[in-house]
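Here are some friendly notes to read alongside the model. Take them one at a time, and keep the structure open as you go.

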Amino acid sequence: MRADAVRNRQRIFDEAHHAITAGEITLTLNELARRSGVGVGTVYRLFPTQRAMLEAILEDSVRGLIGVAAEAEQHPEPVQALIEFLHTALSAALARPGLIDILITATDETDSLRQAKAELGAAASRLLERIHPAPALTGENLLKLLCGLIHAVNEHPADRRPAATDAYFRILQAGLTASPAP
């Protein structure tokens, strides 16, 4: 790849990353081209769709959650490991606009994100399997539950989100650690 093409590619990626981190998850590719100072065709070669752009930028966050789950698997107490993973995942998702959209969507445009989400679901399943008796959830369902929690928290005004996060998280924790009904 030519040096100018590498610079353009990096500028586009950096601008998309900056915008999405700032909460502009609906940034259009045409606007991204304008902000990056490149032609629209250059942006479309890097990101064929707006969704592909969002996936490319947020895949690192999904991979970060895989790392958090791997660390949690090393924790000697299974329930505490799961709770710490969920707490960290919730905090990360609340801090990363668009991550809930990436986690909840079943159809991904990029193979690498699809694989990362499968790895995250498998890691969450392993955390659940360590608990005895194991909750009646798969890792994939646990991640969907987490997305529901994120959505519920985001429905609150910004000043009430920390309290809502704590309250919802306590409910989730109680449900995951409750003994099954006879």
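1. Let's begin with a rule for angles: two axes that meet at 65 to 115 degrees count as roughly perpendicular. Keep that range in mind for the third point. Please also remember that what you are looking at is a predicted model.

2. Now for the overall picture. The chain holds 9 helices and 0 strands, and its pattern along the sequence reads α-α-α-α-α-α-α-α-α. The C-alpha trace spans about 65 × 35 × 25 Å along its principal axes. Of the 182 residues, 38% count as buried. The chain exposes about 9,700 Å², and carbon and sulfur atoms supply 55% of that area. Among contacts with a separation of 6 or more, 66% come from residues 24 or more positions apart.

3. How do the axes of helix α1 and helix α4 cross? Helix α1 covers residues 3-21 and helix α4 covers residues 50-73; their axes come within 10 Å and cross at roughly 80 degrees. An angle from 65 to 115 degrees counts as roughly perpendicular, so α1 and α4 are roughly perpendicular to each other. On the α1 side, the contact is made by Phe13, Ala16, His17 and Ile20, while α4 brings Met53, Leu54, Ala56, Ile57 and Leu58. Sorted by class, this contact has 8 nonpolar residues, 1 polar residue and no charged ones.

4. Helix α5 (residues 78-95) offers a nice check that you can follow yourself. With 18 residues at 1.5 Å a residue, α5 should span 26 Å, and its end C-alpha atoms are indeed 26 Å apart, so the two values agree. Which residues of α5 are buried? They are Pro78, Ala81, Leu82, Ile83, Phe85, Leu86, Ala89, Leu90 and Ala93. These buried residues pack against α4, α6 (99-104), α7 (111-129), α8 (139-154) and α9 (161-177).

5. You can repeat the check on helix α7. Its 19 residues reach 27 Å from the first C-alpha to the last, close to the 27 Å expected at 1.5 Å a residue. The buried residues of α7 include Leu113, Ala116, Leu120, Ala123, Leu127 and Leu128. Look out for Lys117, Gly121, Ala124 and Ser125 as well, since they are also buried in α7. The partners of the buried α7 residues are α4, α5, α6 and α8.

6. Next, find Phe169 in helix α9. Is Phe169 buried or exposed? Its relative accessible area is 6%, and a residue under 20% counts as buried, so Phe169 is buried. Leaving aside neighbours within four places in sequence, Phe169 is in contact with Ile83, Leu86, His87, Leu90 and Leu149. Ile83, Leu86 and Leu90 are also among the buried residues of α5. From Phe169 to Leu146 there are 23 residues in sequence, and their C-alpha atoms are 9.4 Å apart in space.

7. Thr165 is another residue of helix α9. Its relative accessibility is 14%, so Thr165 counts as buried. Not counting residues up to four places away in sequence, Thr165 touches Leu90, Leu94 and Val153. Leu90 is in contact with Phe169 too. Thr165 and Glu24 sit 141 residues apart in sequence, with 23 Å between their C-alpha atoms.

8. Finally, turn to His151 in helix α8. How does His151 count, given its relative accessible area? The value is 46%, and partly exposed covers what falls between under 20% and over 50%, so His151 is partly exposed. His151 and Glu15 are 136 residues apart in sequence and 26 Å apart in space, taken from C-alpha to C-alpha.

Terms used: Residues numbered from 1 in each chain as written. Predicted model: local features only at pLDDT ≥ 70, side-chain atom pairs only at ≥ 80, totals over all residues. Heavy atoms only, no water. Axes fitted to C-alpha atoms, helices over the stretch in contact; angles between N-to-C directions. Helix = DSSP H or I, 4+ residues; strand = E, 2+ residues; numbered from the N terminus. Parallel < 35°, antiparallel > 145°, perpendicular 65-115°, else oblique. Contact = heavy atoms within 4.5 Å. Nonpolar A, V, L, I, M, F, W, Y, C, P; charged D, E, K, R; others polar. Buried < 20%, exposed > 50% of the residue type's maximum accessible area, 1.4 Å probe, protein only. Areas by Shrake-Rupley, 256 points an atom, 1.4 Å probe, with all protein chains shown as cover. Expected span 1.5 Å × (residues − 1).
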